[in-house]
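Below is a brief report on one helix and the pocket beside which its residues are listed. Please view the structure first.

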Amino acid sequence: MNKQDFTANLAEQQGIDKKQAAVWTDAVIKALTDALVAGEKVQFVGFGSFEVRQRAEKKARNPQTGEEVISPATQAPVFKAGKALKDTVAGK
């Protein structure tokens with residue numbers, strides 16, 4: 001399911017037009033992104049949580065040349081599924 005499919009599904013479930021559903025989809029994505037950029041953790045009880053984690057620098061190898069290089073430290077967004085979501089997906 002891509003963003004367009006998700007928006008269409010949201011519109012159908014909520015009985016609204018697709019344009020309004022697209023506005024809400026974009027608003028949720030922007031709010032999540034803004035919170036993560038600000039270093040906040042976003043939690044939806046039963047669904048899961050989004051946060052930014054620091055990844056340390058590490059040694060890597062250039063596959064074309066075989067040369068060892070240092071991959072710099074970065075920040076990466078991560079999602080951790082909540083128990084209710086895990087159970088629902090597992091069919092429990």
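## Exposed face

This is a predicted model. Start with the outer side of helix 2. The face turned away from the buried side of this helix carries the exposed residues Lys19 and Val37.

## Span and ends

Helix 2 runs over residues 18–37 and has 20 residues. From first C-alpha to last it reaches 28 Å, close to the 28 Å expected at 1.5 Å a residue.

Aspartate 17 caps the N-terminal end of helix 2. One of its side-chain oxygens lies 3.0 Å from the backbone nitrogen of lysine 19. Glycine 39 follows the helix, and its phi is positive, near 85°.

## Buried side

Five names make up the inner face: Ala21, Thr25, Leu32, Ala35 and Leu36 are buried in helix 2. They cover an arc of only 105° around the axis, so they sit on the same side of helix 2.

Several elements cover these buried residues. Among them are helix 1 (3–14) and strand 1 (42–44). Strand 2 (48–55) and strand 5 (74–81) are also included in the cover.

## Largest pocket

The largest pocket has a volume of about 330 Å³. Its lining comprises Phe6, Leu10, Trp24, Thr25, Val28, Ile29, Leu32, Phe44, Phe47 and Phe50.

Helix 1 and helix 2 each supply at least two lining residues. Helix 2 gives the most, with 5 residues. Thr25 and Leu32 appear in the lining, and both are buried in helix 2.

Conventions. Residues numbered from 1 in each chain as written. Predicted model: local features only at pLDDT ≥ 70, side-chain atom pairs only at ≥ 80, totals over all residues. Heavy atoms only, no water. Helix = DSSP H or I, 4+ residues; strand = E, 2+ residues; numbered from the N terminus. Expected span 1.5 Å × (residues − 1). Buried < 20%, exposed > 50% of the residue type's maximum accessible area, 1.4 Å probe, protein only. Arc of directions from axis to C-beta. Contact = heavy atoms within 4.5 Å. Polar contact = N/O pair within 3.5 Å; in protein donor to acceptor, adjacent residues only side chain to side chain. 1 Å grid on protein atoms, 1.4 Å probe; cavity = no way out; pocket = protein on both sides within 12 Å on 5 of 7 lines; lining within 4 Å. Points joined across faces, edges and corners; volume = space filled by probe spheres on them.
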